[in-house]
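Q: I'd like to learn how to read a few features off a model like this one. Can we go through them together?

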Amino acid sequence: MLAVTLMVGIVLPAAAQNVMTLNTVAVAGKQRMLSQRVLKAYAQLSLSVGPDKAASILSTSLEELRSSNGALRAMARDANGAALHAQAMLIDKLATITATQPTASSLQQATLVSEELLANAEAVTQAFIKSGAEAPAAMVNLAARQRMLSQRAAAAYFVYQTAAKSHELKTRAMKAASEFKAAIIAFDDARTEFPQISDRVDMARMQMVFFDNALSNIDNPTKEQFATIAATSERILSEMDAMTSEIVKQIATRNVLPATASAKRK
């Protein structure tokens with residue numbers, strides 16, 4: 001996870017404050033993804049799709065939700081403090097539900113709470129964007145949002161398969177996949193500015209082909225397609241997580257002088 005350092009009582013230069021904002025936006029935005037990843041893993045447990053891996057993902061995602069919430073609350077301004085307190089309560093609620101054996105009822109509850117948590121995390125992310133350098137923060141947010149979409153599509157797909165075959169869930173899965181593919185095009189234009197992301201974009205797009213093929217058979221899936229959705233959503237997440245980190249890192253190197261350069265100017 002991207003590191004966020006809280007510096008109490010120190011007034012940072014504007015450039016350093018902007019970098020902190022970008023890190024915070026990346027972490028706040030990751031909460032959106034984790035809300036969907038928990039649901040995906042819980043639904044996988046219900047379907048016995050890679051249950052050991054799913055249990056591990058569920059546990060680590062809840063831990064990261066809590067630790068990131070704590071870090072964000074430590075640096076939040078008053079306007080975001082209440083939203084982050086509400087976020088903590090939603091995380092606890094989701095953890096309580098997903099600690100039980102999955103049933104039709106508990107999956108429905110988990111789906112509703114994960115949606116509340118997603119909406120909360122989106123509001124928190126937008127508030128952090130407005131508190132800093134909006135243009136670069138928007139780029140970081142776009143990359144971070146791709147992580148969420150990869151998990152949202154998979155989560156809706158798996159919950160749909162648990163006898164909860166609602167039109168809404170099917171539409172949600174298809175829409176998230178479509179939004180992911182539309183947004184990834186934006187990073188083609190960013191390859192010159194951020195050359196490090198080029199391979200990440202290509203790998204995510206390739207994995208999305210396999211994901212799409214499995215998703216297209218959502219009403220009559222095979223066990224192999226269950227495995228494909230689980231595996232490719234994790235691979236796409238890995239690439240998008242790395243891409244977000246690399247964008248933050250590159251923007252940081254442009255805005256913060258190395259210590260040696262700073263010393264020469266004194």
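A: Sure. Keep in mind that this is a predicted model. Let's start with surface patches: a patch is made of residues with over 30% relative accessible area and no salt bridge, and nonpolar side chains are joined within 5 Å.

Q: Which residues make a nonpolar surface patch here?

A: Met203, Met206 and Phe210 do, and their patch covers about 270 Å². Take Phe210 as an example: this residue sits in helix α7, which runs over residues 198–215.

Q: Is Phe210 exposed or only partly exposed?

A: Exposed means over 50% relative accessible area, buried means under 20%, and partly exposed is in between. Phe210 has a relative accessible area of 44%, so the residue is partly exposed.

Q: Now a helix as a whole. How far apart should the ends of helix α2 be?

A: The expected span is 1.5 Å times one less than the number of residues. Helix α2 (residues 51–75) has 25 residues, so the span should be 36 Å, and the end C-alpha atoms are indeed 36 Å apart.

Q: Which residues of α2 are buried?

A: The list includes Leu58, Leu62, Leu65 and Leu72, and also Ser61, Glu64, Ser68 and Asn69. Two of the names come back when we look at Thr98: its contacts, leaving aside neighbours within four places in sequence, are Val38, Tyr42, Leu58, Leu62 and Ala110.

Q: Where is Thr98, and what does its side chain reach?

A: Thr98 belongs to helix α3 (residues 78–98). Its relative accessibility is 7%, so Thr98 counts as buried. The side chain of Thr98 reaches the backbone oxygen of Ala95 at 3.4 Å.

Q: And Ser114, what does its side chain reach?

A: The backbone oxygen of Thr111, at 2.9 Å from the side chain of Ser114. Ser114 is part of helix α4 (residues 104–130), and with 0% relative accessibility this serine counts as buried. Setting aside neighbours within four places in sequence, Ser114 contacts Ser35, Gln36, Leu39 and Leu94.

Q: Last one: why does Arg172 count as buried?

A: The cut-off for buried is under 20%, and Arg172 has a relative accessible area of 12%, so this arginine is buried. Arg172 lies in helix α6 (residues 167–184). Not counting residues up to four places away in sequence, Arg172 touches Thr111, Glu115, Arg152 and Ala156. Along the chain Arg152 is 20 residues from Arg172, while their C-alpha atoms are separated by 7.9 Å.

Technical notes:
Residues numbered from 1 in each chain as written. Predicted model: local features only at pLDDT ≥ 70, side-chain atom pairs only at ≥ 80, totals over all residues. Heavy atoms only, no water. Patch = residues over 30% accessible without salt bridge, like charges linked within 9 Å, V, L, I, M, F, W, Y side chains within 5 Å. Areas by Shrake-Rupley, 256 points an atom, 1.4 Å probe, with all protein chains shown as cover. Salt bridge = Lys/Arg side-chain N within 4 Å of Asp/Glu carboxyl O. Helix = DSSP H or I, 4+ residues; strand = E, 2+ residues; numbered from the N terminus. Buried < 20%, exposed > 50% of the residue type's maximum accessible area, 1.4 Å probe, protein only. Polar contact = N/O pair within 3.5 Å; in protein donor to acceptor, adjacent residues only side chain to side chain. Contact = heavy atoms within 4.5 Å.
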